[in-house]
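Q: I would like to learn how to read a few features of a protein model. Could we take them one by one?

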Amino acid sequence: MAKYQAKQKRPWIAAVLPWKGDRAGETIRKIIFIVALITFLVTGGILLWEMVIQPAIVDRNANRVQQIYHAQNVELQNGENDDYLQRFRELQSINPDIKGWMRIPDTIIDYPVLQSSQDDPEHYLYLDYEEKYSKYGSLFFDARNNFDLSAPNSQSLIVYGHSMNDGRMFGSLLQYGGLDYYKEHPTFELDTVHSRGKWKIFSVFKTNTLYSHGEPFQYLRTGFANDSDFMNFVYQIRIRSLFQTDVDIAPGDQIVLLSTCSYELDDFRTVIVARKVREGEESSVDVSKASWNPTVLYPDGWYSVKGGTKPQHPDTFEEALQQNRINWLAS
């Protein structure tokens, strides 16, 4: 009697992985399937991290410091006459580089503002307030800024932040490209370790950083030689503004510039500029008087790409004032 050996049963995994006895075509099919599966899993993992896990970490960390800063009934220590000092003292126990807090009502912006040394001015570009890596980074002051108004480099504060696609950090600032958005958010709060502050936005402008788009506007200034220097700086900011606003400016005012990446042209910036509310002044803005600026001054490269004609403006604040073209000077 002939003896027949029973055919050995293939394991289930042989249906997925290349296996002894597979034809060439079957082996190729399985390899393609495995590569596609690995690609899918890796891509899915990256998307999960980028779109779900990392934003959740940012929100969790932000919520933690928000609870400290916005806590009610903060206990004051001897010599403290305002609870914001206590709030910053608690935040600085986490990181002494926390030097301010910024909040724009009805937006996601409600974050600490940090400041590093001039030896490493972009220290927080990709670090959170606990100095852990994050693609979101932190909002941070220009390293040159001083928060005592009697000191140099204090009249113009500068705050940097990433314009994230999901709107976090300074992402929502790009919406100030619309007049309606400005009218809905004409003011914000920016406190520092020295004082509380409410601020009125008076300019939103777009500017270049590459010389290929023309001579860049040097807006990253923190101090000024005299009142004329300051008012000429404000003048240059206002002729570049997308909007005309009802916010007036005086030589002794303090301003802040919020700078973030913009995408109209390569390495562009969107900059929001505000003036600190003066003592005894109403913090509201009459947005009914806000309108589009018909003579916005853009960088030279803008006209090459977007079209239009570059408007002509007087060279200096003093010339514009003499020609009665200044309607925003505080009386």
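Q: Is Phe230 buried or exposed?
A: This is a predicted model, and the accessibility is computed from it. Phe230 is buried, at 0% relative accessibility.

Q: How should a pair of aromatic rings be described?
A: A pair of aromatic rings is described by the distance of the centres and the angle of the planes. The whole structure holds 17 aromatic pairs. One of them joins Phe224 and Phe230, with 5.2 Å between the centres and 70 degrees between the planes. This pair is edge-to-face because planes over 60 degrees apart count as such. Phe224 is also buried, with a relative accessible area of 17%.

Q: Which residues form an aromatic cluster with Phe224 and Phe230?
A: The cluster also contains Phe205, Phe217, Tyr219 and Phe233.

Q: Where does the charged end of Arg221 sit?
A: A charge over a ring is read from its distance to the ring centre and its angle to the ring normal. The charged end of Arg221 sits over the ring of Phe233, 5.7 Å from the ring centre. Lys306 has its charged end over the ring of Trp302, 5.4 Å from the centre.

Q: How many strands does the closed barrel have, and in what order do they run?
A: The closed barrel has eight strands, in the order 1-2-3-4-8-9-6-5, and the pairing is mixed. On average, neighbouring strands of this sheet are turned by 30 degrees against each other, direction ignored.

Q: What does helix 4 touch on the sheet?
A: Helix 4, residues 227–239, packs on the sheet and touches strand 4, strand 6 (198–208), strand 8 and strand 9 (268–276). The direction of helix 4 makes about 65 degrees with that of strand 6.

Q: How many bridges join strand 4 to strand 8?
A: Strand 4 (residues 156–160) and strand 8 (residues 255–262) run parallel and are joined by five bridges. Two residues of strand 8 can be located by what they face: Ser259 lies opposite Tyr160, and Leu257 lies opposite Ile158.

Q: In which sense do strand 8 and strand 9 pair?
A: Strand 8 and strand 9 pair in the antiparallel sense, over eight bridges. Ser259 has Val271 as its bridge partner in strand 9. The two strands form a hairpin with five residues between them, and Asp267 in the turn has a positive phi of about 55 degrees. As for cover, seven of the eight residues of strand 8 are buried.

Q: Why look for nonpolar cores at all?
A: In soluble globular proteins, nonpolar side chains tend to be buried together. Here the largest nonpolar core has 63 residues, and Met102, Phe188 and Leu190 have the most contacts inside it. Helix 4 gives the largest share of this core, seven residues. A second, separate core has 13 residues, among them Tyr69, Leu91, Leu127 and Tyr129.

Q: Which residues does Leu190 touch, not counting those up to four places away in sequence?
A: Leu190 touches ten positions that can be listed by name: Trp101, Met102, Val113, Phe141, Leu157, Val159, Arg196, Gly197, Trp199 and Val256.

Q: Where is Asn153 found, and what is its phi?
A: A backbone angle is best read together with its place in the chain. Asn153 is in the loop between strand 3 (139–141) and strand 4. Its phi is positive, near 60 degrees, in a residue other than glycine. Asn153 counts as partly exposed, at 29% relative accessibility.

Q: What is the phi of Asn324?
A: Asn324 is not a glycine, yet has a positive phi of about 60 degrees. Asn324 lies in the segment after helix 6 (317–322). With a relative accessible area of 70%, Asn324 is exposed.

Q: Is Thr245 buried or exposed?
A: Thr245 counts as buried because its relative accessibility is 13%, and the cut-off for buried is under 20%. Thr245 is found in the loop between strand 7 (243–244) and strand 8.

Q: With which residues is Thr245 in contact, leaving aside neighbours within four places in sequence?
A: Thr245 is in contact with Tyr182, Ile201, Phe202 and Arg238. Separation along the chain can also be set against distance in space: Thr245 and Trp328 are 83 residues apart along the chain, and 8.4 Å separates their C-alpha atoms.

Terms used:
Residues are numbered from 1 along each chain as its sequence is written. This is a predicted model: local features need pLDDT of at least 70, side-chain atom pairs count only at pLDDT 80 or more; totals for chains, interfaces and linings use all residues. Side-chain values use heavy atoms; hydrogens and water are left out. Rings of Phe, Tyr and Trp (its six-membered ring) pair if their centres lie within 6.5 Å; planes under 30 degrees apart count as stacked, over 60 as edge-to-face and the rest as tilted. Buried means under 20% relative accessible area, exposed over 50%, partly exposed in between (1.4 Å probe, protein chains only). A charge sits over a ring if NZ of Lys or CZ of Arg is within 6 Å of the ring centre and within 35 degrees of the ring normal. Two strands pair if DSSP finds at least two bridges between them. Helices (H or I, at least four residues) and strands (E, at least two) are DSSP runs, numbered from the N terminus. Axes are lines fitted to C-alpha atoms, for helices over the stretch in contact, and angles run from 0 to 180 degrees between N-to-C directions. Contact means heavy atoms within 4.5 Å. A nonpolar core is a set of buried Ala, Val, Leu, Ile, Met, Phe, Trp, Tyr and Cys residues joined through side-chain atoms within 4.5 Å.
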